Amino acid sequence: MSSRDTVITVRGLRNSFGEQVIHEDLDLDVRRGEILGVVGGSGTGKSVLMRSIIGLQKPDEGEIQVLGENMIGREEDEAKNIRRRWGVLFQNGALFSTLTVAENVEVPIREYFPFIKEPLLDEIASYKIAMSGLPPDAGPKYPSELSGGMRKRAGLARALALDPELLFLDEPTAGLDPIGAAGFDELIEQLQKRLELTVFLITHDLDTLWAICDRVAVLADRKVVAVGTIEELLALDHPWIQEYFNGPRGRAASAGLKGQ
Amino acid sequence: MPAQSTSASDGQATHTYRCVGSITIARAASTQREIDALPDPLTLDLSGVEKMDTVGAWIIYRTVRDRGAKVVGASKEVQGLLTQVAEADAPAQVRPEEPPGALRILSELGEWVSEAGRTMIGLVGFLGSVLIAFASIIRWPKRFRLNAVIQRFDLVGVRALGIIGLMSFLIGIVIGQQGAVQLRQFGAEVYTINLVGRITLRELGPLMTAIMVAGRSGSAFAAQIGTMKLTEEVDAMRTIGVSPIEALVVPRMLAAVIMMPLLSFYSMMITLLGGGIYVWIDLGIPPLTYIERLQEVVPIRDLWVGMVKAPVFGFIIALTGCFQGMLVEGDSEQVGIRTTAAVVQAIFLVIVIDAVFAVFFSQVGWI
């Protein structure tokens, strides 16, 4: 079912918490090498969708394929092989608080490649930190000593530790100042180009959508109601989509981009 | 396909490392080992590379950087990756610097002493602000939060009945059993009743209850208030004009101070029950005789000694729990550290105060 160019395939996904149904018959495809933005109102289950795809949330029904492998009902050992091919940035970085930033970056490498020697490991961590746009003196710091933006960059460095093919970002620019957010957008775009990543990006940030997303998936009414470039979405007359992109903030973001 | 190493020497005795197939993180350790095994001068032939990731590129780059190796046959993509990692070459430290051995022990000792001093001063300051809050509640009784207090009564008192009952019952049996075994050697096993009665009322009732309450409620106080500090709920209270000491600390203090004597009394009774059952089974002393003997040999003063201590213990437990909770700052790891500190300090202080009480009561002749 999944062609070579589809990295994530979701079919007929259903998620519910008790009585409350979050997703019903949800379909989604993510193509190789694209940045897919996922938008939707609060409570439409954007994070739940991401958690289902990466296997943190067991869906009631449905099929999920990632990188050509079926994700549902896998043994933990088998899932591990797929896990090292993706990186995840959680909303607040989810850095291990007892480890320094550099040690955080080393965790996945140590886990999967225990034979890499310490000096090389430290150098790998160093350049991942530099690649994520952190200053070298951030390496020996603990997460509690970092600002929100730096924490996100450190989380990104850890997500990139194993050179993943697929990157999941949960609201990477939330809580950052506009300059920091723009910097982060730029970083993601650069990394995506250089490392040929596929990016699954949950965001509320209209500027991010306009600036870096190739396609946008809209979550509403328990499913993905539309996927396409922003121009394609604007042509649809779904009330939520219209309000989202044509509301005052949506217009400001698009005007800002066209002005550039 | 794995990377292969063929070392070919020409006139100048240069060694060539031919990379074939994929140089990725999966082969990082072995590639590095193979490169390290070759002597200088070194040429890296990358013409056979099919797949390379940033870790592979880094290994090539660091060989060039540290050993002056020459790179030949790099495709455009590989060259791009090499430039990329070269740009990101900004050595970062991995772990914070630590002073050497002896110095570190000294500095840790110093930090520990100053921390202990600060904690003591902070605790006294906190006690002061709690007393001020109590005073202002007495002046303006409307600020008293009855619902919060009653909820705490439930959590600290009622819900502790099960575990404290079980613990006390077992302790009663253990004391009865130990007493009987030891005293039987002198033919004095009938004095087991004296032992169980007096030690329970004077010491074990309040002390064991205090330890259990410190573990159950003192820790909960620290964790709850600590979490509220982290989520800025405490700051929100302040900005709204609600004093966190009045809203959070006072109800917990009251609950602990009022519940501790009640729980202690309950614990004493269950311990006596456990001891009585053991004595009945092992020594054949029927319950009625047991109660009569208790009345004869245990002065009522023992009960007062125990009951006087209980609210003081409760006060200490709530004070350290709330104090440590209020000290939480920064990250969630702090909640764990502070909760542990709250329990350890509470139990330690309870035992210190218990010793003070013991000396005091024996000095005033309540033996």
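Trainee: Why is Leu166(A) called buried?
Mentor: Keep in mind that this is a predicted model. Leu166(A) has 21 other C-beta atoms within 10 Å. The cut-off for buried is 20 or more, so the label fits.

Trainee: Where does Leu166(A) sit, and what does it touch?
Mentor: Leu166(A) belongs to strand 7 (residues 166–170) of chain A. Leaving out residues up to four places away in sequence, it touches Val7(A), Leu67(A), Arg85(A), Trp86(A), Leu197(A) and Thr198(A). As for Ala255(A), that residue is 89 residues from Leu166(A) in sequence and 31 Å from it in space, C-alpha to C-alpha.

Trainee: Leu67(A) is on that contact list. What makes Leu67(A) partly exposed?
Mentor: Count again: Leu67(A) has 17 C-beta neighbours inside 10 Å. Buried needs 20 or more and exposed needs 12 or fewer, so 17 lands in between. You'll find Leu67(A) in the loop between strand 4 and strand 5 of chain A. Its phi is positive, about 50 degrees, although Leu67(A) is not a glycine.

Trainee: And why is Gly68(A) called partly exposed?
Mentor: Gly68(A) has 13 other C-beta atoms within 10 Å. The exposed class stops at 12, so Gly68(A) falls into the partly exposed class. Gly68(A) is in the loop between strand 4 (61–66) and strand 5 (69–70) of chain A. Its C-alpha atom is 8.1 Å from that of Thr6(A), though the two are 62 residues apart along the chain.

Trainee: What about Asp25(A): which phi does this residue have, and where does it lie?
Mentor: Asp25(A) has a positive phi of about 55 degrees, although it is not a glycine. It lies in strand 2 (residues 20–31) of chain A. With 13 other C-beta atoms within 10 Å, Asp25(A) counts as partly exposed.

Trainee: What makes Lys76(B) exposed?
Mentor: Lys76(B) has 7 other C-beta atoms within 10 Å. Exposed means 12 or fewer, so Lys76(B) qualifies. Lys76(B) lies in helix 3 of chain B. Between Lys76(B) and Arg338(B) there are 56 Å in space, C-alpha to C-alpha, and 262 residues in sequence.

Trainee: Over to helix 9 (residues 244–283) of chain B: how do you know that its length agrees with its residue count?
Mentor: Allow 1.5 Å a residue, and its 40 residues should span 58 Å. The end C-alpha atoms are 55 Å apart, so the two figures agree.

Trainee: Where is the kink in helix 9 of chain B?
Mentor: At Val250(B), shortly before the proline Pro251(B), and it is about 30 degrees. After helix 9 of chain B comes Gly284(B), with a positive phi near 70 degrees.

Trainee: Why is helix 9 of chain B called largely enclosed?
Mentor: Of its 40 residues, 28 are buried, so the rest of the structure largely encloses helix 9 of chain B.

Trainee: Which residues touch the most other members of the largest nonpolar core?
Mentor: That core has 99 residues, and the ones you're after are Leu36(A), Val38(A), Ile129(A), Phe168(A), Val199(A), Phe200(A) and Leu201(A). Helix 4 (residues 118–131) of chain A gives this core the most, seven residues. Leu36(A) has contacts including Val199(A), Phe200(A) and Leu201(A). Apart from that core lies another, of 56 residues, among them Leu195(B) and Met253(B).

Trainee: How is chain A divided, and how many residues does each domain give to the contact?
Mentor: Chain A has domain 1 (1–85 + 165–260) and domain 2 (92–163). Their C-alpha centres lie 25 Å apart. Each of these two domains puts nine residues into the contact. On the domain 1 side, helix 6 (residues 178–195) of chain A gives the most, with four residues.

Trainee: And how far apart are the domain centres in chain B?
Mentor: For domain 1 (15–87) and domain 2 (115–363) of chain B, the C-alpha centres lie 67 Å apart.

Trainee: Last one: how many residues make up the contact between the chains?
Mentor: Chain B puts in 25 residues and chain A 28. Helix 2 of chain B gives the most to chain B's side, with four residues. By type, that side has 13 nonpolar, six polar and six charged residues.

How values were computed:
Residues are numbered from 1 along each chain as its sequence is written. Chains are lettered from A and ligands numbered from 1 in the order in which they are written. This is a predicted model: local features need pLDDT of at least 70, side-chain atom pairs count only at pLDDT 80 or more; totals for chains, interfaces and linings use all residues. Two residues are in contact if their C-beta atoms, placed from the backbone, lie within 7 Å. Helices (H or I, at least four residues) and strands (E, at least two) are DSSP runs, numbered from the N terminus. Ala, Val, Leu, Ile, Met, Phe, Trp, Tyr, Cys and Pro count as nonpolar, Asp, Glu, Lys and Arg as charged, and the others, Gly among them, as polar. Domain bounds come from an automatic or database domain assignment. A nonpolar core is a set of buried Ala, Val, Leu, Ile, Met, Phe, Trp, Tyr and Cys residues joined through C-beta atoms within 7 Å. The expected span of a helix is 1.5 Å times one less than its number of residues. The bend at a residue is the angle between axes fitted to the seven residues ending there and the seven starting there.
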